Amino acid sequence: MTEQKKLNIYQKLLEVRWSVDHLKKNNKGYEYSYVSSSQTISALRQKMNEEGLLLVPQVNSYEVRENIIEKEYKGNIKKTKWYFTILNMSFTWVNVEYPTEVLICPWTGQGLDTGEKGVGKALTYAEKYFLLKFFNIPTDKDDPDAHQEPSNQEQQFERCPNCGGELYLREVKKAGKNQGKKFVACSNYPKCDYSCWDIDKHKKGGK
Ligand SMILES: [Zn+2]
């Protein structure tokens, strides 16, 4: 009597993880980029279907913060209202062959939008990053550190007076009377929009 061996939820998840390693081998020497993480996710979905795994997202609570961001545009101050959505979520893996076999993973999602799409963006973001992180897929291009100024520049300033974040030196890039002028700005932008022309005031050990 030969019965087809059924896999438990962890064995199935490992099978899905293996399929990512195979994908990596096929793309030898290929750096992961935004596009290839989308490709990876579609490959993951296909493998999840084959294995009989469901991924159920659930929003347990949420928070929406309103932020007014002021930007100088052609000499005028332009105000834009942004909505920052934070979702406290969980993703639950379900083994379809044994639906009582589940694995619950708490997770959060964040989305920033000027309109009503904050929740949708947060859900999309949360699912994408859950899959990438759950299966340990590198996301170097999305590494927040990649967008920061070098740390020696951050170190020379006091903390942001609004939020306590790092301040760093920036330069006006837009053409106009202020082009090339230096200022300090908060690294938590756009969550915090603190910026100041008086660089010396924010230097460590300054006035
Ligand atoms: Zn700040």
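In the predicted model, strands β1 and β2 run antiparallel and are joined by 20 bridges. Within this pairing, Glu70 has Lys79 of β2 as its bridge partner. The two strands form a hairpin with two residues between them. Lys74, which lies in that turn, has a positive phi of about 50°.

The pairing continues from β2 to β3. Strand β2 covers residues 76-95 and pairs with β3 in the antiparallel sense over twelve bridges. Along this pairing, Met89 has Trp107 of β3 as its bridge partner, and Phe91 stands opposite Cys105, also in β3. A hairpin of six residues connects β2 to β3. Together the three strands make an open sheet in the order β1-β2-β3, with antiparallel pairing. Its edge strands are β1, residues 53-73, and β3, residues 102-113, each of which pairs on one side only. On average, neighbouring strands of the sheet are turned by 10° against each other, direction ignored. In general, the strands of a sheet pair through backbone hydrogen bonds, in either a parallel or an antiparallel arrangement.

Helix α3, formed by residues 118-134, lies across β1, β2 and β3. The helix runs at about 135° to β3. At 1.5 Å a residue, its 17 residues should span 24 Å, and this agrees with the 23 Å that separates its end C-alpha atoms. Four residues of α3 are buried, namely Gly118, Ala122, Ala126 and Leu131. After the helix comes Asn136, whose phi is positive, near 55°.

Leu131 of α3 also belongs to the largest nonpolar core, which has six residues. The other members of this core are Val16, Leu44, Met48, Leu53 and Trp93. When neighbours within four places in sequence are left aside, Leu131 is in contact with Ile41 and Leu44. A second core, separate from that one, consists of five residues, among them Cys160, Leu167, Val184 and Cys186.

Across the protein as a whole, the secondary structure comes to five helices and six strands. From the N terminus on, these elements follow the order α-α-β-β-β-α-α-β-β-β-α. Of the 207 residues in the protein, 12% are buried. Among contacts with a separation of 6 or more, 51% involve residues 24 or more positions apart.

Further along the chain, strand β5 covers residues 182-186 and includes Lys182. Lys182 counts as exposed because it has 11 C-beta neighbours inside 10 Å, and a residue with 12 or fewer is placed in that class. Not counting residues up to four places away in sequence, Lys182 touches Leu169, Glu171 and Ile199. Between Lys182 and Val172, which are ten residues apart in sequence, the C-alpha to C-alpha distance is 6.4 Å. The loop between β5 and β6, the latter formed by residues 195-196, contains Pro190. Tyr189 and Pro190 are joined by a cis peptide bond, with omega at about 5°.

Confidence in the model varies along the chain. The average pLDDT of the protein is 80, and 81% of the residues score at least 70. Among the elements, β3 has the highest mean pLDDT, at 91, whereas helix α4, residues 151-155, has the lowest, at 46. Over residues 29-35 the pLDDT is below 50, and this stretch has seven contacts in the model beyond near neighbours in sequence. The pLDDT also stays under 50 over residues 145-154. For residues 145-154 the model has eight contacts beyond four places in sequence.

Terms used:
Residues are numbered from 1 along each chain as its sequence is written. This is a predicted model: local features need pLDDT of at least 70, side-chain atom pairs count only at pLDDT 80 or more; totals for chains, interfaces and linings use all residues. Two strands pair if DSSP finds at least two bridges between them. Axes are lines fitted to C-alpha atoms, for helices over the stretch in contact, and angles run from 0 to 180 degrees between N-to-C directions. Two residues are in contact if their C-beta atoms, placed from the backbone, lie within 7 Å. A residue is buried if 20 or more other C-beta atoms lie within 10 Å of its own, exposed if 12 or fewer, and partly exposed in between; C-beta atoms are placed from the backbone. A nonpolar core is a set of buried Ala, Val, Leu, Ile, Met, Phe, Trp, Tyr and Cys residues joined through C-beta atoms within 7 Å. The expected span of a helix is 1.5 Å times one less than its number of residues. pLDDT is the predictor's confidence in each residue, from 0 to 100.
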